[in-house]
Every structure is written in C-alpha cells, then in structure tokens.
Amino acid sequence: MHTNQKTYLKRLQSLDALRGFDMFWIISGEGLIHSWAAASDNSLINWMSDQLHHSDWNGFTFYDLIFPLFIFIAGVSMPYSMGKQLEGSTAENKSAIRQKILWHLLKRTLILIILGMVVNGLLKWQGYENTRFASVLGRIALSCFFAGLIFLYCDLRGQLLWFAGLLIGYWVVMKFVPVPGFGAGVLTPEGNMEAYIDRILLPGKLHRKVYDPEGLLSTIPAIANALMGIFTGQFLRWSSTRWTPLKKGFLMIPVGLLLIAIAWIWHLDFPINKNMWTSSFVLLTCGWSLLFLSAFYLIIDVAGFQKWSMPLVWIGMNSITIYMASHGVIDFEHTTVFLFGGLIKFAEAAWQPVWLAVGIVIVQLGFLYFLYRQKWFLKV
C-alpha cells in the first residue's frame, strides 16, 4: 500500500502506538497476565507471566526492555520535533533556535525529575533520609536531555562517536577502575562502581539499599539508548527516492539483529544487566527496540493498517498522564470495582482477579479515550 512520503515528515502513528504498547504492560498489562496465569495454569500464559518480571541480576526478560524502549522512542521523536524547528533556519537565527530548544529541554528535564520524585512519594515527605531522588522519569529526563544536546550540537559523525564513547567508556570504568574494599571489575550488587557512586553521591534513600537501579553512573549509558533512537528518527525522517519507507522499515531488522548479536558476544565479558545498565544491555535493548519499531512501522505507517492500533495510540499520546495516574493519582481498581464489581462476583473465585484486571484495562482505556477525544494531552 503506497503512502505519500510527506507522511513520514509528520507524526508517526507507529511511534505513538509503540509507546502505548510499551506503557500498557506497566499500567495494567502485567497485572492481567499475572492473574490470568494464576487462574489458568496455561503454559503460554505462564511463560508470558515469567517474562513480566525483571531479571534478578544478570540476564534479560521482556520486562527489562520496557524502560529502555521508552527512552529509545523518546529519542526517535527528537529529530521530528527539533529537526522541524532547525530546518530552514539561517546561520543568524540557528543559534537562537538552539537556545530555545535547549531551554525547553532543560525545563522538561526538571519537570520530569520532580514528577519522578512525586511518584516515589515526595509529597508524603517522610524526611530527607527516606526520600528517593532517583526515578524512572528522572532517568528518562536526564538521558534524553544529554542526547538532545548531542543532537543539537554534533553532526552525525559526532553523534556516533558519542554513542561508541559512552558505551566503551562505561565498560572501562566498570571493569577496570577499582572500587574501595572490592577491587576492579567486581560486578556484584555491592561491589560494582555504579553502586559505589550511588552510595557516596546519590542523596536520600537508595532503592536497593546498596545501590539504585536508576542511579547516577548508570544513567550515562542510557544516553546511548536515546541516541540510537535519534539515529533511527533521522533515518526515518530522511527524504530519499532510493530509500523508500518500505526499505527503511526492513533495514531496521538486520541492524537490530546485528546489535543483539554483538550484545550477546559482549555479554561474555560485560554481562547483560539492567540494574547496572551495562553496555551489552544497551546494545541488546537497542536491537530489540529496532525490531519492535520495524514491525509497528511497517504495519501501521507503511502498509496503512492503523485502526487496530488506536487504543495503543490513546495510551501513547498521554503516556506521562497514565503513568502518573496509575502510580497513585487515580485508584483505577476502586473505580473498576464500583462499575463492574457486581458482574465480577458472578465469575468463579479463581477468575475474579482476571476479570478485575480486564475491568481496569477497560476503565483506563475509557479515561484515555476521553482525553484523546477532547484533545487533552499532557505535554512536558
């Protein structure tokens, strides 16, 4: 199905849908699968339930992909949002435009850091020592901020050098710089350099006592996830008669597979580990991110099969809203019981949690559909 090339210079529906797919598992998808697995004891659902848990330390599950995939998606959107502002600018006003974008990036970063602390319970305020300053939103903010700076002030060659330098530099620090009391290259929860930096520099409470999975040093390689998104966004946005949208979509597949292969080779020396956000973990998640984007892009934007993805688009276009809402701002379970509690009681006891989870999905989608129809989007 042919689509006008100009479509790809505008908003990608596949990107919103993929963001919604990614966010779905956090807000209610995992609860649905876990309750379904407990009720049915189906081998496929049990496997899916296992995949919706983080790896204890080294290793990889689908749930480990959700966070870096979101960072990658944010990176893909940057060439669309920033590139549009920079295109056609003269040498005289390019500096002013960059300063305007930089101010927006800085403001967005600060807002997301604060929102992340609110999710952690900042407004309850139980004292400085019980306040967790690091957060998922904070890492998204910082990694995208620095990736945005690199995109603004470096050409493609410079961006690639930064990508390689961040991953190799992090490997060098984690493998060869000794940690007091442990030595160099001790990649345990207590003995790695990232955990040591958290203990001496990260203020407040550490999420895992001896380290924080969203700590300071491990945010540096996360910048590379956003940069990979930026490379992808520039490629998709690039207008070329030779590189049609179809070819672009298919090219992401071998590139993704190559990154996955390199990641597993590097894993032999620098283990794939989400908590430390190792360089091999970055390459693995970048590879899988490309594969997922390729599938969504080819189906939705190239082939034009879009209607099925609209519920995911509702989630994706208000991702920060639903993330905040599902983390304490709105009690979706209470609303579901109020609306569907009488019907749920007719189900067998083992299946009542499953239908409760289905109800939560329905309520959340209804809430997001209302926001979408009203064109109310939380922009940060």
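Helices (H or I, at least four residues) and strands (E, at least two) are DSSP runs, numbered from the N terminus. The structure is a predicted model, in which local features need pLDDT of at least 70 and side-chain atom pairs count only at pLDDT 80 or more, whereas totals for chains, interfaces and linings use all residues. Residues are numbered from 1 along each chain as its sequence is written, and side-chain values use heavy atoms, without hydrogens and water.

**Exercise 1.** Describe the largest pocket and its lining.

*Solution.* A pocket is an open set of points on a 1 Å grid over the protein atoms alone, where a 1.4 Å probe fits, with protein on both sides within 12 Å along at least five of seven lines; lining residues have an atom within 4 Å of a point. Grid points are joined across faces, edges and corners, and the volume is the space filled by probe spheres set on the points.

- Step 1: the volume of the largest pocket is about 1,000 Å³.
- Step 2: it is lined by 32 residues, of which Arg11, Arg19, Ser77, Ser81 and Lys379 are the closest to its centre.
- Step 3: two or more lining residues come from each of helix 1 (13-40), helix 3 (62-86), helix 4 (91-119) and helix 12 (319-329).
- Step 4: helix 3 provides the largest share, 9 residues.

**Exercise 2.** Characterise the second largest pocket.

*Solution.*

- Step 1: its volume is about 590 Å³.
- Step 2: among its 29 lining residues, His54, Phe67, Val136, Glu214 and Tyr323 are the closest to the centre.
- Step 3: at least two lining residues are supplied by each of helix 1, helix 3, helix 4, helix 5 (136-153) and helix 12.
- Step 4: the lining comprises 13 nonpolar, 9 polar and 7 charged residues. Here Ala, Val, Leu, Ile, Met, Phe, Trp, Tyr, Cys and Pro count as nonpolar, Asp, Glu, Lys and Arg as charged, and the others, Gly among them, as polar.

**Exercise 3.** Which residues have the most contacts inside the largest nonpolar core?

*Solution.* Such a core is a set of buried (under 20% relative accessible area) Ala, Val, Leu, Ile, Met, Phe, Trp, Tyr and Cys residues joined through side-chain atoms within 4.5 Å.

- Step 1: the core has 104 residues, and Trp25, Phe72, Phe163, Met174, Leu227, Met228 and Leu293 have the most contacts inside it.
- Step 2: helix 3 contributes the most to this core, 16 residues.
- Step 3: leaving aside residues up to four places away in sequence, Phe163 touches Ala224, Leu227, Met228, Phe231 and Leu283 (contact: heavy atoms within 4.5 Å).

Note on methods
Buried < 20%, exposed > 50% of the residue type's maximum accessible area, 1.4 Å probe, protein only.
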